[in-house]
Amino acid sequence: MPDTEAPDLMSLSPTIQLSLNVRGLPVSATLAINERSAALKAAGREVKKLGLGQSPFPVPKVMQRALERNTHQKDYLPVQGLPALRESICGYLERTQGLDFDPEDILVGPGTKELMFLVQLAYYGDLVIPTPSWVSYAPQAQILGRPVTWLPTDIETGLGVTPAAIDRVCAHDPQRPRLLILNSPGNPTGTAYTRESLTAIAEAAKRYRMLLLSDEIYGGVQFDGRHLSAARIYRGGTIISDGISKWAGAGGWRLGFFAFPKALSWLKDAMASVASETYTSVSAPIQHAAITAFEGGPEMELYLDRSRKVLAALAGFVTARLEDAGALVNPIRGGFYAFPNFDPLRERLAGRGIEDSQTLCERMLEETGVATLPGAAFGRPPHELSLRLAFVDFDGQAALDALAEGETLDEAFLRRHAPHVTGGIEAMARWVAD
């Protein structure tokens, strides 16, 4: 018998046929920098992780206890979410914003990221987002084949949306369906819109009958505790997006919600139909436990108050040090991000071969061990010397405990309890000034 070789299994498998919408799509920049930072640390390098924006604070004890009590929950829950959870979300929105929603207006999902994907899938229209914006807004649109329109912003207006920018992109085709995402407080900028700015944005949105998605995931950590929802201004055209990942430290719990005005029930129903054919429902124990987050109470309020104070102090430290080094930093009013612009130092950095944000971040990581993300990942022009940093590389539990024990929240406190953040910022400042 003639010799025969084993068949090449690769030759028998289907040929590579990727959708054009995902071909070449990289891993999310925030997750990629976290993985690269971990690899450098594993190799023995000291890395200050200012890239991934994960809350530094623990899940509040009241929520942890609720999860322990509900580990036995095993049933599939309604697609829109556990009725008692949706009721507690309505109470949360009424208590914090004075907004009246019914449980039937709420759609619970496995994180707001998934719900944002579903709304773009269900709604037929262009995505309109400011530059800079959170790294996943535009890629989600790309996956779905939706056009993206970038709104230009200025540091003088906090890198936020303005009515003039809306007019510039909409006036030539005013009837075109569009979905505008407004993030306040914002990632990557820390911007929080005032009532006046929200009113002006709402008037522009109404002119073009734009659907407004108000991403309020950082609302609970607005430093002054006075987060204002866009739905209070543009009630009939705004969907509220919120969850427990940022202000309750529960990113890994994967639970978020959308709140719809009655006029948009058709969109909520369509999204629920898609959800029923994809993820079915959010984990039952998590839904039961999350009720405590939205019910609030003294324990949750104390947790939020102390978290805000620590973050506000760190934002002040970051701003002062980077401005002293020559960077432009827009006002940070909430969350845990800064978006400094080093263009005033362009000539000095160019002398070191740094002429774009990608090179800026790569060289900074290699030479200082400080991990950040390039502004280009958030929609800024590649040549702009901007970056996003997250001041979260510290033990949030220890910081909260120190406040509870009466420690004064001053610079010495920050150096004791957030040395990677303070040390990382000062290393950045020295590096750009060299």
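Helices (H or I, at least four residues) and strands (E, at least two) are taken here as DSSP runs, numbered from the N terminus. With that in hand, glutamine 222 is easy to place: look in the loop between β6 (211-215) and β7 (238-243). Keep in mind that this is a predicted model.

**Three residues in loops**

Glutamine 222 has a relative accessibility of 7%, so it counts as buried, the cut-off being under 20%. Setting aside neighbours within four places in sequence, glutamine 222 is in contact with Pro185, Ala192, His227, Arg308, Arg333 and Gly334.

Leucine 345 also sits in a loop, this one between β9 (337-338) and α12 (346-350). Which residues does leucine 345 contact, leaving aside its neighbours within four places in sequence? They are Ala325, Gly326 and Val432. As for valine 370, 25 residues separate it from leucine 345 in sequence, and the C-alpha to C-alpha distance is 19 Å.

Then there's leucine 18, found in the loop between α1 (9-12) and α2 (29-42). Is leucine 18 buried or partly exposed? Its relative accessibility is 46%, so leucine 18 counts as partly exposed. Together with Ile16 and Val22, Leu18 makes a nonpolar surface patch of about 300 Å².

Here are the accessibility values side by side.

| Residue | Relative accessibility | Class |
|---|---|---|
| Leucine 18 | 46% | partly exposed |
| Glutamine 222 | 7% | buried |
| Leucine 345 | 9% | buried |

**Empty space**

Now for the gaps. Rolling a probe the size of a water molecule over the atoms shows where empty space is left. How many cavities of 30 Å³ or more turn up in a search of the whole structure? The search finds four. The largest cavity has a volume of about 110 Å³. Its lining comes from 17 residues, and Pro130, Pro132, Asn183, Gly186 and Tyr193 are the closest to the centre. Strand β5 (residues 178-183) gives the most to that lining, with three residues.

On to the pockets. The second largest pocket holds about 540 Å³ of space. Which residues lie nearest the centre of the second largest pocket? Out of 30 lining residues, they are Gly53, Trp134, Ser245, Lys246 and Arg254. Two elements, α2 and α5 (112-122), give two or more residues to this lining, and α5 gives the most, with three residues. Helix α2 is the element that closes off the loop holding leucine 18.

Technical notes:
Residues numbered from 1 in each chain as written. Predicted model: local features only at pLDDT ≥ 70, side-chain atom pairs only at ≥ 80, totals over all residues. Heavy atoms only, no water. Patch = residues over 30% accessible without salt bridge, like charges linked within 9 Å, V, L, I, M, F, W, Y side chains within 5 Å. Areas by Shrake-Rupley, 256 points an atom, 1.4 Å probe, with all protein chains shown as cover. Salt bridge = Lys/Arg side-chain N within 4 Å of Asp/Glu carboxyl O. Buried < 20%, exposed > 50% of the residue type's maximum accessible area, 1.4 Å probe, protein only. Contact = heavy atoms within 4.5 Å. 1 Å grid on protein atoms, 1.4 Å probe; cavity = no way out; pocket = protein on both sides within 12 Å on 5 of 7 lines; lining within 4 Å. Points joined across faces, edges and corners; volume = space filled by probe spheres on them.
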